[in-house]
Amino acid sequence: LESLQGLEWHGNILNAAPLSEALAKFEVHRRVRSALKELKGGPCARKGLRSYHNFMWPSPAFRDTCAMRQLLHCSAMGLQTQRRTGLWVHSDWTAIFFAATDFGPQQVRRMAGALVAT
């Protein structure tokens with residue numbers, strides 16, 4: 001493990017992690033991707049539209065036309081590791097991307113907050 005740490009691979013510096021840490025990170029990434037898939041609506045979203053009434057204030061009815069939105073794209077990068085001391089859960093981070101035509105900033109904040117709570 002130590003022999004891999006810091007090596008360069010395709011222009012990137014490798015950060016070797018113990019197996020237990022790597023497996024935990026993969027589990028976090030899997031859960032984030034699953035939550036994003038659910039947030040987007042999956043294959044059941046008709047015509048790409050889905051009700052985002054939970055992320056609006058005041059909250060309209062479930063199928064109200066003002067709550068129907070289309071989330072064009074959502075994704076998360078892998079967990080990024082920084083040089084650190086201490087536990088990885090306190091210092092690693094990921095970036096989440098949303099692409100939509102008509103979401104307000106507060107809706108995006110609430111959607112990101114729902115992912116954090118997952």
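These are my notebook entries on a predicted model of a single protein chain.

**Overall layout**

I began with the secondary structure and found two helices and six strands in the chain. Read from the N terminus, the elements follow the order β-β-α-β-β-β-β-α. I then looked up how much of the chain is covered, and of its 118 residues 24% count as buried. For the accessible surface I noted a total of about 8,400 Å², with 59% of that area belonging to carbon and sulfur atoms. I also checked the sequence range of the contacts: among those between residues at least 6 apart in sequence, 45% join residues at least 24 apart.

**The nonpolar core**

Next I asked which residues make up the largest nonpolar core. The set has 12 residues in all, namely Val32, Ala35, Leu36, Leu39, Tyr52, Phe55, Leu71, Cys74, Ala76, Phe103, Met111 and Leu115. Tracing these back to the elements, I found that at least two residues of this core are supplied by each of helix 1 (19–40), strand 5 (71–76) and helix 2 (105–117). Helix 1 gives the largest share, with four residues.

**Phe55 and its surroundings**

I chose Phe55, one of the core residues, for a separate look. Phe55 sits in the loop between strand 3 (50–51) and strand 4 (68–69). Is Phe55 buried or exposed? I recorded Phe55 as buried because its relative accessibility is 12%, and the cut-off for that class is under 20%.

With residues up to four places away in sequence set aside, I listed the contacts of Phe55 as Leu39, Gln107, Arg110, Met111 and Ala114. For one of these partners, Met111, I noted the separation from Phe55 as 56 residues in sequence and 6.7 Å in space, taken from C-alpha to C-alpha. Met111 also belongs to the largest nonpolar core, as does Leu39.

I followed another partner, Arg110, back from its own side. Arg110 lies in helix 2, and its C-alpha is 5.9 Å from that of Phe55, although the two residues are 55 apart in sequence. Apart from its neighbours within four places in sequence, Arg110 is in contact with Phe55, Met56 and Trp57. Arg110 counts as partly exposed because its relative accessibility is 33%, whereas Phe55 is buried.

**The aromatic pair**

I searched for aromatic pairs and found one in the structure. Tyr52 and Phe55 form this pair, with 6.3 Å from centre to centre and 40° between the planes, and the arrangement is tilted. I checked the accessibility of the partners as well, and both Tyr52 and Phe55 are buried. Both are also listed among the residues of the largest nonpolar core.

**Salt bridges in helix 1**

How many salt bridges does the count come to? I arrived at two.

In one of them Lys25 is joined to Glu21, with 3.2 Å between the closest N and O atoms. Both residues lie in helix 1, four residues apart, which I noted as about one turn of the helix. Lys25 and Glu21 are both buried.

In the other, Glu27 is joined to Arg30, and here the closest N and O atoms are 2.6 Å apart. These two also lie in helix 1, three residues apart, again about one turn of the helix. I put Glu27 down as partly exposed because its relative accessibility is 34%, and Arg30 likewise counts as partly exposed because its value is 47%.

**The N-terminal region**

I turned last to the beginning of the chain, where Leu4, Leu7, Trp9 and Leu14 make a nonpolar surface patch of about 390 Å². Leu4 belongs to the segment before strand 1 (8–9). Leu4 counts as partly exposed because its relative accessibility is 43%.

I added a remark on the backbone at His10, which has a positive phi of about 50° although it is not a glycine. His10 is in the loop between strand 1 and strand 2 (12–13). I classed His10 as exposed because its relative accessible area is 68%, and the cut-off for that class is over 50%.

Technical notes
Residues are numbered from 1 along each chain as its sequence is written. This is a predicted model: local features need pLDDT of at least 70, side-chain atom pairs count only at pLDDT 80 or more; totals for chains, interfaces and linings use all residues. Side-chain values use heavy atoms; hydrogens and water are left out. A nonpolar core is a set of buried Ala, Val, Leu, Ile, Met, Phe, Trp, Tyr and Cys residues joined through side-chain atoms within 4.5 Å. Buried means under 20% relative accessible area, exposed over 50%, partly exposed in between (1.4 Å probe, protein chains only). Patches are made of residues with over 30% relative accessible area and no salt bridge: like charges are joined within 9 Å, nonpolar side chains (Val, Leu, Ile, Met, Phe, Trp, Tyr) within 5 Å. Accessible areas come from the Shrake-Rupley method with a 1.4 Å probe; for residues, only the protein chains shown count as cover. A salt bridge is a side-chain nitrogen of Lys or Arg within 4 Å of a carboxyl oxygen of Asp or Glu. Contact means heavy atoms within 4.5 Å. Rings of Phe, Tyr and Trp (its six-membered ring) pair if their centres lie within 6.5 Å; planes under 30 degrees apart count as stacked, over 60 as edge-to-face and the rest as tilted.
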